[in-house]
Every structure is written in structure tokens, then in C-alpha cells.
Amino acid sequence: MTITHTIELSAHAVERYQQRVRPGLSLEAAEDELARVALVGEITTDPPAWHLRSCAQIAPFYLCVGDVLLTLALHQTQPDVFVATTCLAKGSLSADARRYRTTRRRRSSPRRGRVYSR
């Protein structure tokens, strides 16, 4: 039995897809391509292992297509519609994960003063 779902692409997800996966495309072309990619993806509640190693937040649902991952949330008023909130690619870090990593590095390493010699 096949279950179909509607996935609404947020502007943020399209921008991230264009930036992280297909930077040579215009936003319109990236949106069209992402819509086609989403058709063949698998919706799951379990993120791939590569995402767990670098994520700052866990999403309720994911759409996985190879090395591309869309985080999904349920639509506020339409329970049968998913909203793609962002797009991640294997090897990239989300802004939250980058901030967390930077903060953790600053806490763990002592600040070193600059040494100037003449």
C-alpha cells in the first residue's frame, strides 16, 4: 500500500538547497528541482547517522534523498501536509550546529594572546 503526502517547500528550504546542493541554479530552478527530488525521497522519523553527528536539533520527520535531507514539520492547520523547514547536505553544518561547535571550542581551549615580535 502506498501512502501519499503533500510536502510544502518553505522559501528557506529552497534557499538552503540552492546554497548547499546546487549553487549554480537560480532560486526558481532550485525550487523546481527540489520539488522533483522530493518526489523520490523517503519520509522517516529517524535521521541518517551523518546528520546525528553534526546536528543541533532533532526534527519530527525527515525526507531523505541520498546525501540531501529535508527536515519536515507537520503543517499547523493541515495535518496531512508536511512543511520542509530546511535543507541539509551531507558534509554541511546547519547554522545552529556551527554556533554550537564554535561555542564549545571557545570554552574548551584557553584564549591565547597574540605574540608580537620585532
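Here is a quick tour of a pocket, an aromatic pair and two residues worth a look. Keep in mind that this is a predicted model. The second largest pocket holds about 230 Å³ of space, and a search of the whole structure turns up one aromatic pair. Glu33 and Cys64 get their own sections below.

**The second largest pocket**

- The second largest pocket has 12 lining residues, and the ones closest to its centre are His5, Ile7, Ala38, Leu39 and Leu63.
- Three elements each give two or more residues to that lining: strand β1 (6-9), helix α2 (27-39) and strand β2 (42-44).
- Sorted by class, the lining comes out as eight nonpolar, three polar and one charged residues.

**The aromatic pair**

- The pair is made by Phe61 and Phe82, whose ring centres sit 5.0 Å apart.
- Their ring planes meet at 65 degrees, so this counts as an edge-to-face pair, the cut-off being over 60.
- Phe61 belongs to strand β3 and Phe82 to strand β5 (residues 81-89), so the pair ties together parts that are 21 residues apart in sequence.
- Phe61 counts as partly exposed because its relative accessibility is 22%, and buried would mean under 20%.
- Phe82, on the other hand, is buried, with a relative accessible area of 6%.

**Glu33 in helix α2**

- Glu33 lies in helix α2, one of the elements that help line the second largest pocket.
- Despite its charged side chain, Glu33 is buried, at 15% relative accessible area.
- The side chain of Glu33 makes a polar contact of 2.5 Å with the side chain of Tyr17.
- Another side-chain polar contact, at 2.8 Å, links Glu33 to Arg22.
- If you skip its neighbours within four places in sequence, Glu33 is in contact with Tyr17, Arg22 and Leu25.

**Cys64 in strand β3**

- Cys64 sits in strand β3, which covers residues 61-65; Phe61 of the aromatic pair lies in strand β3 too.
- With a relative accessible area of 21%, Cys64 is partly exposed, because the buried class stops at under 20%.
- The C-alpha atoms of Cys64 and Ile43 are separated by 6.6 Å, though the two residues are 21 places apart along the chain.
- Setting aside neighbours within four places in sequence, Cys64 is in contact with Gly41, Glu42, Thr44, Pro48 and Leu69.

How values were computed: Residues are numbered from 1 along each chain as its sequence is written. This is a predicted model: local features need pLDDT of at least 70, side-chain atom pairs count only at pLDDT 80 or more; totals for chains, interfaces and linings use all residues. Side-chain values use heavy atoms; hydrogens and water are left out. On a 1 Å grid over the protein atoms alone, a cavity is a set of points where a 1.4 Å probe fits but cannot get out, and a pocket is an open set with protein on both sides within 12 Å along at least five of seven lines; lining residues have an atom within 4 Å of a point. Grid points are joined across faces, edges and corners, and a volume is the space filled by probe spheres set on the points. Helices (H or I, at least four residues) and strands (E, at least two) are DSSP runs, numbered from the N terminus. Buried means under 20% relative accessible area, exposed over 50%, partly exposed in between (1.4 Å probe, protein chains only). Contact means heavy atoms within 4.5 Å. Rings of Phe, Tyr and Trp (its six-membered ring) pair if their centres lie within 6.5 Å; planes under 30 degrees apart count as stacked, over 60 as edge-to-face and the rest as tilted. A polar contact is a pair of N or O atoms within 3.5 Å; within protein, one must be able to donate a hydrogen and the other to accept it, and residues adjacent in sequence count only if both atoms are side-chain atoms.
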